[in-house]
Amino acid sequence: MSRLETLFKEKSNRVLNVYCTAGYPALDSTLKVMTSLQKNGAQIIELGMPYSDPLADGEVIQLSSMKALDNGMNIAVLFEQIKDMRKSISIPVVLMGYMNPILQYGFEVFCQKAKEVGVDGLILPDLPLFEFEQFYGKIIKESGLDFIFLVTPETPAERVKKLDSLSSGFLYAVSSSATTGKDKDFNKVAAYLQNLQSMQLKNPILVGFGIKDKATFDAATVYTQGAIIGSAYIQELSKGGDIEESTSQFLSSVLGA
Amino acid sequence: MPLFNVDNNYQNPSAEGYYGEFGGAYIPEMLYGNVETLKTQYLQIMQDPIFQAEFQQLLKDYVGRPTPLFLAERLSKEIGATIYLKREDLCHTGAHKINNTIGQILLAQRLGKKKIIAETGAGQHGVATATVCALKGMECVVYMGEKDIERQAPNVARMKMLGATVVPAKSGSKTLKDATNEAIRAWINEPNETHYIIGSVVGPHPYPDMVARFQSVISEEIRIQLKVKTGKELPTHVVACVGGGSNAAGAFYHFLNEPTVQLVAVEAAGHGVHSGLSAATTQLGTAGILHGSKSIVMQTSDGQVVEPHSISAGLDYPGIGPLHAYLYKSKRGTFLSATDEEALASAFHLSKIEGIIPALETAHAFSVLPKIGLKSTDVVVVCLSGRGDKDLATYMEHL
């Protein structure tokens with residue numbers, strides 16, 4: 001059983017997935033951030049691979065990506081940094097990134113290497129369904145990685161079902177059609193999430209985009225298994241405080257512990 | 001009658017927008033609905049006779065088409081071949097860009113959109129978009145790199161005067177690439193009411209094909225005009241500058257499947273192709289994904305898109321449309337380049353020898369004329385894509 005499957009078997013509500021950018025705030029802070037997240041209550045880590053042109057990301061994550069690239073982060077460096085992560089990280093880790101850097105690294109090698117270092121799944125926002133079915137999906141499945149598709153409030157029901165059927169691990173419900181880091185009206189989001197819940201999809205649903213504190217985390221998890229926080233955490237790290245302390249304070253404020 | 005129905009590899013990408021290995025729609029799910037709507041409807045709308053009638057009428061009465069095909073006698077004599085200039089610089093707003101914005105605003109109206117967003121580099125596409133928004137009473141927001149806002153001040157003023165909001169793109173390199181990122185992000189954030197008018201033959205399918213079709217009026221006219229002037233529809237060469245490649249796509253379109261016509265695309269070499277300050281994408285780039293399609297992209301070995309350089313903001317782009325990537329790869333097109341210095345020299349030379357001040361982008365196309373082995377029997381059409389008023393500040397530095 002995969003790590004994500006095991007996690008959702010044991011815990012089916014209020015699962016907290018936190019995004020962090022590899023190589024941010026410092027090149028070698030990647031593992032430190034990850035261990036802090038694990039220690040302070042994150043149940044999944046979404047590790048972002050920085051890209052020069054991150055189309056789905058708002059300003060906060062763009063800036064962290066630029067900083068990480070300036071710091072010298074790239075896919076090869078990242079794999080080197082996390083090659084022994086399973087000695088200290090036991091929670092699921094999914095890599096998030098854009099297609100271009102992965103294509104240059106080599107898509108197949110990338111998937112094999114990710115699996116080898118203990119990565120559990122992939123979120124690739126600019127890998128669309130058509131290309132996945134034509135070519136890339138097979139490589140991902142063969143590597144044994146989970147692949148997580150995004151759905152939005154605009155995604156037609158039939159397509160949601162299709163994306164769910166091709167996903168494993170979880171399904172990423174974007175709270176509204178938007179880039180990351182924008183405020184959302186969670187009353188509108190509730191109806192959409194309730195509808196997703198009623199579809200009885202095969203994957204657990206994690207809500208992302210606009211989750212930034214306890215109120216939004218609570219609202220997002222009423223109808224779903226959990227939520228993903230990205231920009232708000234990066235914003236916290238950007239203040240430059242001690243990583244462990246910032247993470248501990250931020251996550252306890254979200255989880256209300 | 002437009003020649004939209006020609007069926008073949010170069011003019012019609014696959015159903016998913018591929019020209020050979022290039023093209024496609026690598027977009028986040030948040031854009032799926034908008035792009036899918038466009039994809040399923042654009043051909044139908046464009047081929048609708050009522051749409052065509054309105055489009056053709058505006059091209060004629062508002063843009064001023066057909067633009068002349070001008071025999072440049074002094075230049076011809078100097079080069080030693082017959083050189084015709086396709087005068088897109090005489091279009092309303094001063095460049096070919098408006099052919100596409102007229103088409104897309106009519107399309108946006110039919111899709112029930114209320115607001116238009118666009119990216120711009122030199123500001124020509126921004127002005128052309130702001131113009132058609134004013135014409136049709138639609139809200140217009142143009143994303144423009146902070147650096148380009150500084151170096152293209154007159155076009156920024158024009159856009160504002162036309163009622164558009166100009167939003168500076170402050171991310172990354174603060175030029176066309178980043179303006180495009182910001183426009184795509186803005187579209188993600190308000191997908192239902194907004195249509196994104198992309199200015200070049202780039203972006204996710206169906207944009208490259210749609211923009212090429214709107215610009216194809218250029219080569220449609222060239223064929224007709226050349227027949228009248230020379231008795232033959234086909235030139236030996238068509239020469240055009242390429243950033244993303246919209247004027248070249250339009251000038252090549254109806255010659256793509258005429259193997260006797262040599263298609264010459266001229267990229268911006270900046271300080272020199274291998275100087276580290278260049279925008280010659282086919283020379284320096286490798287296969288990659290940028291702005292939603294697979295094409296040739298200037299990037300590091302890690303797949304990070306690099307900063308191009310060109311003296312002309314309109315060619316300062318690290319990618320190229322997928323059609324052009326395919327023309328390059330299949331060798332159907334000849335891809336050359338001209339440096340900043342060569343382009344400047346050509347701009348001054350054309351001004352003196354023919355009395356036409358070209359845009360800096362366009363000037364690149366003229367720089368290769370002495371280098372392509374022209375014979376006295378050759379008939380060459382150069383796409384004079386835009387006029388040089390917007391570049392006066394740069395030209396004044398070199399007077």
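**Note on two helical features of a predicted model**

1. In this predicted model, helix H5 of chain B, which covers residues 124-136, has 13 residues and reaches 18 Å from its first C-alpha to its last, close to the 18 Å expected at 1.5 Å a residue.

2. Burial is extensive along this helix: 10 of the 13 residues of H5(B) are buried, so the helix is largely enclosed by the rest of the structure. The buried positions are B:Gln124, B:His125, B:Gly126, B:Val127, B:Ala128, B:Thr129, B:Ala130, B:Thr131, B:Val132 and B:Cys133.

3. As for what surrounds them, the buried residues of H5(B) pack against elements of chain B, namely helices H4 (97-110) and H7 (153-161) together with strands S5 (115-120), S6 (139-145) and S8 (194-197). After H5(B) comes B:Gly137, which has a positive phi, near 65 degrees.

4. Turning to chain A, helix H3 (residues 59-71) packs with helix H11 (residues 231-238) at an angle of about 50 degrees, and the axes of the two helices are 9 Å apart. Since angles from 65 to 115 degrees count as roughly perpendicular and those under 35 as roughly parallel, H3(A) and H11(A) are therefore oblique to each other.

5. The crossing of H3(A) and H11(A) is left-handed, and the contact is made by A:Val60, A:Ile61 and A:Ser64 on the H3(A) side and by A:Ser231, A:Ile234 and A:Gln235 on the H11(A) side. Classified by residue type, this contact of H3(A) with H11(A) has 3 nonpolar and 3 polar residues, with no charged residues.

Notes:
Residues are numbered from 1 along each chain as its sequence is written. Chains are lettered from A and ligands numbered from 1 in the order in which they are written. This is a predicted model: local features need pLDDT of at least 70, side-chain atom pairs count only at pLDDT 80 or more; totals for chains, interfaces and linings use all residues. Axes are lines fitted to C-alpha atoms, for helices over the stretch in contact, and angles run from 0 to 180 degrees between N-to-C directions. Helices (H or I, at least four residues) and strands (E, at least two) are DSSP runs, numbered from the N terminus. Angles under 35 degrees count as roughly parallel, over 145 as roughly antiparallel, 65 to 115 as roughly perpendicular and the rest as oblique. A crossing is left-handed if the near helix is turned anticlockwise from the far one by less than a right angle, and right-handed if clockwise. Two residues are in contact if their C-beta atoms, placed from the backbone, lie within 7 Å. Ala, Val, Leu, Ile, Met, Phe, Trp, Tyr, Cys and Pro count as nonpolar, Asp, Glu, Lys and Arg as charged, and the others, Gly among them, as polar. The expected span of a helix is 1.5 Å times one less than its number of residues. A residue is buried if 20 or more other C-beta atoms lie within 10 Å of its own, exposed if 12 or fewer, and partly exposed in between; C-beta atoms are placed from the backbone.
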